[in-house]
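Visitor: I would like a close look at a single part of this model. Take the open sheet, please, and then show me what lies around it.

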Amino acid sequence: MTAGNILSIDDISQLNSILNQGKPKHPLISVVDFSKVDFHQPDIPEKIKCKTAFYCILSKTLKADSLQYGRQHYDFHEGSLFFIAPNQITSLEKADYALGWGLYFHPDLIKGTSLDQRIKNYTYFKYDLNEALHISEEEKTTLTRVVHEIESEINRPVDKHSKPVIVSGIELMLNHCMRFYDRQFITRSAASKDAIAAVEDFLLSYIDSDQCRENGLPTVVQCAEVANLSKNYLSDLLKKETGKSTQDHIHYFLIEQAKSKLLGCNHSVSEIAYELGFEYPQYFSKLFKRKVGMSPLEYRDLN
């Protein structure tokens, strides 16, 4: 189904039909070997915006002439993985599928399983495409082996064990990818430090000026824009490097500025809250007590 210029793919059967892969062996999951897909067929445009109703994990083997997507830092040239959550709109080109595989699974597949509750912890499904996971040859071999095991189970006759076995295979893959992303944060340490410095400089400047009073509290989205990263990638990066999320960093700078104001002027707690961009002074006092261990007035009196 096409809405405007966006192709909506609602189920696995529709996906297989578009890729000429025949009827899926399982209605809720499919593994596609891109080397066996004829991307020159007229039904597949050169570039298309699409929205799928299911999770997509796309593996692409990079060629010397295909290092694109606007990435600036490469950990490995062996391959990349892209993760797409249901109902995300992405722009894809035929060249993206030249080599590699795709694992697609519908949210209904994991309903009633432990993965249904944990899937939100795999935040890389909300990263931008230019924040792909770049994998080594060894990592690629590990993931390909898991994909083949999932595909083998899909091809078996369905029985009561099919769903838990398939879902455990998906979860194994996602856990491997979580580990590989942790490695990527480490191998990109220099770039990470630049992003962190940009965020901290922005927060210091924003909170130290009158921008809070005029524009309200700084946001995670603003921090991400300064670092030129998606908000999920930035928050995960900060957690790995500093132990604090983006929101934690915002709160830290706000509380430090609040401490200075409490001890450096005679303004009331409410006035200080409004100066820092808080719409409700009660929220400021509650946040301050949670972070400092005492109320703003108690902190002022104690010091």
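Guide: In this predicted model, five strands make up an open sheet. Their order is 3-8-5-6-9, and the pairing is antiparallel. Strand 3 (29–33) and strand 9 (133–135) are the edge strands. Each of these two pairs on one side only. On average, neighbouring strands of the sheet are turned by 15° against each other, direction ignored.

Start with strand 5 (55–60). Strand 5 pairs with strand 8 (100–105). The sense is antiparallel, and the pairing runs over six bridges. One of the pairs can be named: Lys60 has Gly100 of strand 8 as its bridge partner. Strand 5 is also joined to strand 6, by five bridges, and these two strands run antiparallel as well. Here Lys60 stands opposite Ser80 of strand 6. So Lys60 has a partner in strand 8, Gly100, and another in strand 6, Ser80. Further along, Leu58 stands opposite Phe82 in strand 6.

How many of the residues of strand 5 are buried? Six of the six are, so strand 5 is largely enclosed by the rest of the structure. The cut-off for buried is under 20% relative accessible area. The side chains of strand 5 split two ways. Tyr55, Ile57 and Ser59 point one way. Cys56, Leu58 and Lys60 point the other way. All of them are buried, Lys60 included.

Now move to strand 6 (residues 79–84). The burial count is again six of six residues, so strand 6 too is largely enclosed by the rest of the structure. Gly79, Leu81 and Phe83 point one way from the strand. Ser80, Phe82 and Ile84 point the other way. All of these are buried.

Strand 6 also meets the edge strand 9. Three bridges join them, and the two run antiparallel. Ser80 has His134 of strand 9 as its bridge partner. Leu81 stands opposite Leu133 of strand 9. Ser80 thus links to both sides: Lys60 stands opposite Ser80, and His134 is the bridge partner of Ser80 in strand 9.

A helix covers this sheet's strands next. Helix 5 (residues 162–187) lies across strand 3, strand 5, strand 6, strand 8 and strand 9. Helix 5 runs at about 90° to strand 9.

One residue of helix 5 deserves a stop: Glu171. Is Glu171 buried or exposed? At 13% relative accessibility, Glu171 counts as buried. Set aside its neighbours within four places in sequence. Glu171 is then in contact with Ser114, Leu115, Arg118 and Tyr122.

Next, the loops. Strand 6 is followed by a loop that leads to strand 7 (89–93), and Asn87 lies in that loop. Asn87 has a positive phi of about 70°, although Asn87 is not a glycine. At 52% relative accessibility, Asn87 counts as exposed. The loop between helix 1 (12–18) and the edge strand 3 holds Asn20. Phi of Asn20 is near 55°, again a positive value in a residue other than glycine. Asn20 is exposed, with a relative accessible area of 55%.

Beyond the sheet, one helix pair is worth a look. Two packed helices are described by the angle between their axes and the distance between the axes. For helix 6 (residues 189–208) and helix 8 (residues 220–227), the angle is about 130° and the axes are 8 Å apart. That angle makes helix 6 oblique to helix 8. The crossing is right-handed. On the side of helix 6, the contact is made by Ala195, Ala198, Val199, Phe202, Leu203 and Tyr206. Helix 8 brings Gln222, Cys223, Val226 and Ala227. By class, this contact has nine nonpolar residues, one polar residue and no charged residues.

Last, the whole chain. The protein chain has 13 helices and nine strands. Of its 303 residues, 47% count as buried. Take the contacts with a separation of 6 or more: residues 24 or more positions apart account for 73% of them.

Definitions and conventions
Residues are numbered from 1 along each chain as its sequence is written. This is a predicted model: local features need pLDDT of at least 70, side-chain atom pairs count only at pLDDT 80 or more; totals for chains, interfaces and linings use all residues. Side-chain values use heavy atoms; hydrogens and water are left out. Two strands pair if DSSP finds at least two bridges between them. Helices (H or I, at least four residues) and strands (E, at least two) are DSSP runs, numbered from the N terminus. Axes are lines fitted to C-alpha atoms, for helices over the stretch in contact, and angles run from 0 to 180 degrees between N-to-C directions. Contact means heavy atoms within 4.5 Å. Angles under 35 degrees count as roughly parallel, over 145 as roughly antiparallel, 65 to 115 as roughly perpendicular and the rest as oblique. A crossing is left-handed if the near helix is turned anticlockwise from the far one by less than a right angle, and right-handed if clockwise. Ala, Val, Leu, Ile, Met, Phe, Trp, Tyr, Cys and Pro count as nonpolar, Asp, Glu, Lys and Arg as charged, and the others, Gly among them, as polar. Buried means under 20% relative accessible area, exposed over 50%, partly exposed in between (1.4 Å probe, protein chains only).
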